[in-house]
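Reader: I am new to this structure and would like to learn how to read it. Where do we begin?

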Amino acid sequence: MAEFTVYDETDAPADARPQLEAAKKRMGFVTTLNGVMAESPELLAGYNALSEQFTRSSLPGHAKHAVLITASVLNGCEYCVAAHSTVALRARVPAEVVEALRAGRPLDDPALEAVRRLTGAMVTQRGWVDDADVEAFLAAGHTRRHVLDVVLGVGMKTLSNYTNHIAHTPLDPAWKEQEWTASS
């Protein structure tokens, strides 16, 4: 197994240090994911830029969390499921919604369920989503812009999920309470 270094803002490659310093200011610590990504300052910068754009996207707040958790569950990313579950709960996404997303179960809220289903179709079908799936998403009250915002979220999660798979990124203590395994 290839070993990846988990850098911090003091020992990372020079081009990655400003990104890690900004992450530490924003979150209070440098996540191990960012620390691993720092090996490639371009990956780290790209991931952070996509994350910022996804945060600013037109999707409602709970829908954004549904995209991030659903994509991470379907990609089997234990790190990201734990991290995004923690963040979703802190953002007041109801615990039963977070649990359903983690388990891949349908949601009671039709608009949020449409997000979960479209995200799932995008991930499992590698973007080749049936027109009927998009129409069902639109019929649930979403817009074409929301469809593309889901693409943005899935793209962002692909970068982090794949990085975590390759690097076996250790889970941060901050996410430990929401630890998840792909078999759960």
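Author: With a definition: a polar contact is a pair of N or O atoms within 3.5 Å, and within protein one of them must be able to donate a hydrogen and the other to accept it. The model here is predicted.

Reader: How many residue pairs are in polar contact across the interface of domain 1 and domain 2?

Author: The rule finds five such pairs across that interface, both residues being at pLDDT 80 or more. Salt bridges across the interface of domain 1 and domain 2 number zero.

Reader: Which helices supply the side of domain 1 that touches domain 2?

Author: At least two residues of that side come from each of α2 (32–37) and α3 (41–55). The most comes from α3, with seven residues. By class, the side of domain 1 that touches domain 2 has ten nonpolar, five polar and one charged residues.

Reader: Where are the two domains in the chain?

Author: Domain 1 covers 7–56 and domain 2 covers 60–178. Their contact takes 16 residues from domain 1 and 20 residues from domain 2.

Reader: What area is buried between domain 1 and domain 2?

Author: About 1,500 Å², with carbon and sulfur atoms giving 78% of it.

Reader: Is Gln 178 buried or exposed?

Author: Buried means under 20% relative accessible area. Gln 178 has 12% relative accessibility, so it counts as buried. Gln 178 lies in the segment after α9 (144–167). Leaving aside neighbours within four places in sequence, Gln 178 has contacts that include Ala 82, Leu 89 and Arg 102.

How values were computed
Residues numbered from 1 in each chain as written. Predicted model: local features only at pLDDT ≥ 70, side-chain atom pairs only at ≥ 80, totals over all residues. Heavy atoms only, no water. Domains from an automatic or database assignment. Contact = heavy atoms within 4.5 Å. Buried area = accessible area lost by both parts, 1.4 Å probe. Salt bridge = Lys/Arg side-chain N within 4 Å of Asp/Glu carboxyl O. Polar contact = N/O pair within 3.5 Å; in protein donor to acceptor, adjacent residues only side chain to side chain. Helix = DSSP H or I, 4+ residues; strand = E, 2+ residues; numbered from the N terminus. Nonpolar A, V, L, I, M, F, W, Y, C, P; charged D, E, K, R; others polar. Buried < 20%, exposed > 50% of the residue type's maximum accessible area, 1.4 Å probe, protein only.
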